[in-house]
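Reader: I'd love a close look at one part of this model, the C-terminal end of its sheet. Could you walk me through that part and then place it in the rest of the chain?

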Amino acid sequence: MKTRERLLFMALGGLLVLAGMIVGQFVFSTAQAQDGAQDATFKTVKCEDLIVGNSLNPIAVIVGSIAGNGCIRTFNKAGHQITVLSVTDSGHGLIQTLSRKSKTVTSLSASTNESGLIETMSNTGKKLVKIGSTDSGGSIGVNNTHGVKVVNIQANKNKDGAIGLFNRYGDLGWSKIGKR
């Protein structure tokens, strides 16, 4: 066989391999892990969503993104989302716990002034307690079941303690500052 013929067969073989790879991309579905697969270590894995589950809970954890921000979500056996670790649209970190019916009941995040913020909600979604940081210090607000603030405890602008009690409609009823 002449060199020219050998090169022609090698080129033809290379084209067949290349054609097989291209056709394989369109004909065959993505790879699925097999039952009983062995442990493996990878340096880097890139995917849109990573779903972790088993026979008791097929979707226990989803690692992915929401609106371009990273997110880890956990689900109970009934398929309800229970916790969220994510980034807010404003770029702050956010941790939420949810009820069995996927309603947010606690939230830990950064406030608009870049300070810490903890909120608890009722089973209907009304904010009941808000603990946060302000420019002058800490603040605790307590709301009634209608979401109206009825108690506020905070450090005021002069760095003194301040307490305010409000009626069920949010009107100030009594306040006191810790300065003599």
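**The C-terminal end of the sheet**

Author: Happily! A good starting point is how local the chain's contacts are: among contacts in the protein chain with a separation of 6 or more, residues 24 or more positions apart account for 1%. Please keep in mind that this is a predicted model. The protein chain contains 1 helix and 12 strands, and from the N terminus on the elements run α-β-β-β-β-β-β-β-β-β-β-β-β.

The strands form an open sheet of 12, in the order β1-β2-β3-β4-β5-β6-β7-β8-β9-β10-β11-β12, with antiparallel pairing. At its edges stand β1 (50-52) and β12, each with a single partner strand, so one side of each is left without a neighbour in the sheet. From one strand to the next, the twist averages 10°. As general background, strands of a sheet pair through backbone hydrogen bonds, either parallel or antiparallel.

Now to the part you asked about. Strand β10 (residues 149-155) runs antiparallel to strand β11 (residues 161-166), and 5 bridges join the two. One of these pairs Asn152 with Gly164 in β11. Together β10 and β11 make a hairpin with 5 residues between them. Lys159 sits in the loop between these two strands, and its phi is positive, about 70°, although Lys159 is not a glycine. Is Lys159 buried or exposed? Lys159 counts as exposed, at 66% relative accessibility.

The next step along the chain brings another hairpin. Strand β12 (residues 172-177) is joined to β11 by 5 bridges, and these two strands also run antiparallel. There are again 5 residues between the strands of the hairpin, and Gly170 in the turn has a positive phi of about 95°. Across this pair, Leu165 stands opposite Trp174 in β12, while the bridge partner of Gly164 in β12 is Ser175. Gly164 therefore has a partner in each of the strands that flank β11: Asn152 and Ser175. As for confidence, β11 is where the protein chain scores highest, with a mean pLDDT of 96.

Moving to the other side of β10, we meet strand β9 (residues 137-143), which holds Ile140. Ile140 lies 12 residues from Asn152 in sequence, and their C-alpha atoms are 5.8 Å apart. Not counting residues up to four places away in sequence, Ile140 touches Val151, Asn152 and Ile153, and also Lys130 and Ile131. Even with these contacts, Ile140 is partly exposed, with a relative accessible area of 35%.

For a comparison elsewhere in the sheet, have a look at Val84 in strand β4 (residues 81-87). Its relative accessible area is 7%, so Val84 falls under the 20% limit and is buried. Leaving aside neighbours within four places in sequence, Val84 is in contact with Cys71, Ile72 and Arg73, and with Leu94, Ile95, Gln96 and Leu98. The C-alpha atoms of Val84 and Thr74, which are 10 residues apart along the chain, are separated by 6.7 Å. In general, the side chains of a regular strand alternate between the two faces of the sheet.

Lys159 also has a counterpart in the loop between β2 (61-66) and β3 (69-75), where Ala67 lies. The phi of Ala67 is near 55°, again a positive value in a residue other than glycine. Ala67 counts as exposed, at 69% relative accessibility.

What about charged pairs? A search of the whole structure finds 1 salt bridge. It links Glu119 with Lys127, and the closest N and O atoms are 3.3 Å apart. Glu119 is buried, with a relative accessible area of 8%, whereas Lys127 is partly exposed at 42%.

Finally, here is the chain as a whole. Of its 180 residues, 20% count as buried. The accessible surface comes to about 14,100 Å², and 59% of that belongs to carbon and sulfur atoms. The mean pLDDT is 84, with 79% of the residues reaching 70 or more. Confidence is lowest in helix α1 (residues 3-27), where the mean is 65, so please read that helix with this value in mind.

Note on methods. Residues are numbered from 1 along each chain as its sequence is written. This is a predicted model: local features need pLDDT of at least 70, side-chain atom pairs count only at pLDDT 80 or more; totals for chains, interfaces and linings use all residues. Side-chain values use heavy atoms; hydrogens and water are left out. A salt bridge is a side-chain nitrogen of Lys or Arg within 4 Å of a carboxyl oxygen of Asp or Glu. Buried means under 20% relative accessible area, exposed over 50%, partly exposed in between (1.4 Å probe, protein chains only). Helices (H or I, at least four residues) and strands (E, at least two) are DSSP runs, numbered from the N terminus. Contact means heavy atoms within 4.5 Å. Accessible areas come from the Shrake-Rupley method with a 1.4 Å probe; for residues, only the protein chains shown count as cover. Two strands pair if DSSP finds at least two bridges between them. Axes are lines fitted to C-alpha atoms, for helices over the stretch in contact, and angles run from 0 to 180 degrees between N-to-C directions. pLDDT is the predictor's confidence in each residue, from 0 to 100.
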